[in-house]
Amino acid sequence: MTIKSLSLTAVLALGATVAQAEEVRVYNWSDYIDEDLLTKFEEETGIDLIYDVFDSNEVLETKMLAGGSGYDVVVPSGSFLQRQISAGAFQKLDMARLPNHVNMWDVVEKRTAQYDPDNAYSINYMWGTTGIGVNLGKVKEALGEDAPIDSWSLVFDPTNMEKLADCGVHFLDAPGEMIPAALKYIGENPDSHDPDVIAKAEAVYMAVRPYIQKFHSSEYINALANGDICVAVGWSGDVLQARDRAAEAENGVEIAYHAPKEGAQMWFDQMAIPVDAPNPDAAHKFLNFIMDPQNMAAASNYVYYANGNKASQEFLVEDVIGDPAIYPDAATLENLFTTTPYPAKVQRVVTRLWTKIKSGT
């Protein structure tokens with residue numbers, strides 16, 4: 001009886017292990033992958049893919065720092081990744097299980113190394129800039145033909161914003177992007193961790209706060225594409241998705257994206273495996289699948305973001321690889337800035353400031 005019980009226990013344990021091995025849970029940004037790739041992964045590996053989405057780094061970070069997220073692969077942005085690595089939230093990648101890592105781009109890895117030394121915990125999925133998307137017709141109608149659509153003054157100069165308010169302006173709900181943008185506009189260091197410098201962003205925002213319709217990190221895509229708003233401070237690929245959706249709809253809406261001439265933030269979204277991932281083996285298989293050049297190209301061709309995979313570039317459509325808004329020229333790259341994580345005390349200052357800005361009080 002005892003032997004049989006042990007055998008049954010062993011069988012149940014083995015069954016649980018097999019069941020677990022057939023599932024991988026991925027937590028990624030919304031509107032951020034070609035869903036055909038998800039099906040392809042399941043067909044090629046036999047692993048069931050559970051795919052959930054979020055629309056802010058803060059939502060992801062809450063799950064990661066609490067532990068027990070239940071996810072096998074998550075996609076934080078670089079500065080958040082760095083803080084989460086320091087908190088012990090991720091496990092080191094096993095490069096022996098990632099043969100496609102040879103396809104990654106050293107130019108990008110040199111930059112992501114500031115967040116993840118030696119790129120030991122993550123791979124780059126996509127990268128891009130934070131800038132301004134405009135409905136050309138409506139903005140020029142409101143501000144004239146010489147509207148400063150390539151400058152932060154479009155959204156931080158109250159005179160411009162007052163005129164744009166009627167056609168709708170959305171800002172990202174992302175203090176790690178928006179505070180540095182305001183500091184750059186007024187000539188301060190966008191990567192400053194000095195609370196006194198950070199506090200200067202308040203005046204910039206309060207001057208234009210009455211004219212901001214909404215703070216949101218994904219709704220602006222459809223709002224721009226449909227002509228419901230005329231300006232969005234957003235991520236490059238999102239705005240370009242809006243541009244293409246409007247073109248496909250033939251609705252008369254013409255969207256353009258600019259990384260502001262004063263300097264725009266360059267960001268990196270990194271795929272990483274939580275330290276308590278239920279199925280790290282399947283997680284490595286997913287990362288290796290994504291690093292296949294044709295798969296990574298399919299993702300970029302769908303979301304209109306640049307990626308960190310050099311070998312994928314031969315498979316990118318001309319609308320992606322040939323668009324300087326996606327793959328900037330050397331001069332534009334030189335003018336882009338990156339930011340580093342705020343220490344915990346400074347992060348609390350930033351969070352309080354952002355809450356105050358959003359409430360307008």
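**View 1. Lining of the largest cavity in the predicted model.** Strand β9 gives the largest share of this lining, namely four residues, and β9 (265–272) is one of the elements that each supply at least two lining residues, the others being α3, α4 and α9 (175–185). The lining comprises 21 residues, and those nearest the centre of the cavity are N57, S77, S79, F80 and E177. Sorted by class, eight residues of the lining are nonpolar, nine are polar and four are charged. The volume of this cavity is about 140 Å³, and the count of cavities of 30 Å³ or more comes to four.

**View 2. The second largest cavity, with a volume of about 120 Å³.** Its lining residues include W29, S30, Y32, W235, D238 and Y305, together with S77 and E177. Five nonpolar, four polar and three charged residues make up the lining of this second largest cavity.

**View 3. Contact of helix α3 with helix α4.** The axes of α3 (residues 57–66) and α4 (residues 78–86) come within 11 Å and cross at roughly 10 degrees, and the two helices are therefore roughly parallel to each other. From α3, the residues N57, E58, E61, M64 and L65 meet F80, R83 and Q84 of α4. Of the residues in this contact, three are nonpolar, two are polar and three are charged.

**View 4. Surroundings of N288 in helix α14.** The helix that holds N288 spans residues 280–290, and N288 counts as buried because its relative accessibility is 17%, where buried means under 20%. Leaving aside residues up to four places away in sequence, N288 touches R97, L98, P99 and N100.

How values were computed. Residues are numbered from 1 along each chain as its sequence is written. This is a predicted model: local features need pLDDT of at least 70, side-chain atom pairs count only at pLDDT 80 or more; totals for chains, interfaces and linings use all residues. Side-chain values use heavy atoms; hydrogens and water are left out. Buried means under 20% relative accessible area, exposed over 50%, partly exposed in between (1.4 Å probe, protein chains only). Contact means heavy atoms within 4.5 Å. Axes are lines fitted to C-alpha atoms, for helices over the stretch in contact, and angles run from 0 to 180 degrees between N-to-C directions. Angles under 35 degrees count as roughly parallel, over 145 as roughly antiparallel, 65 to 115 as roughly perpendicular and the rest as oblique. Ala, Val, Leu, Ile, Met, Phe, Trp, Tyr, Cys and Pro count as nonpolar, Asp, Glu, Lys and Arg as charged, and the others, Gly among them, as polar. On a 1 Å grid over the protein atoms alone, a cavity is a set of points where a 1.4 Å probe fits but cannot get out, and a pocket is an open set with protein on both sides within 12 Å along at least five of seven lines; lining residues have an atom within 4 Å of a point. Grid points are joined across faces, edges and corners, and a volume is the space filled by probe spheres set on the points.
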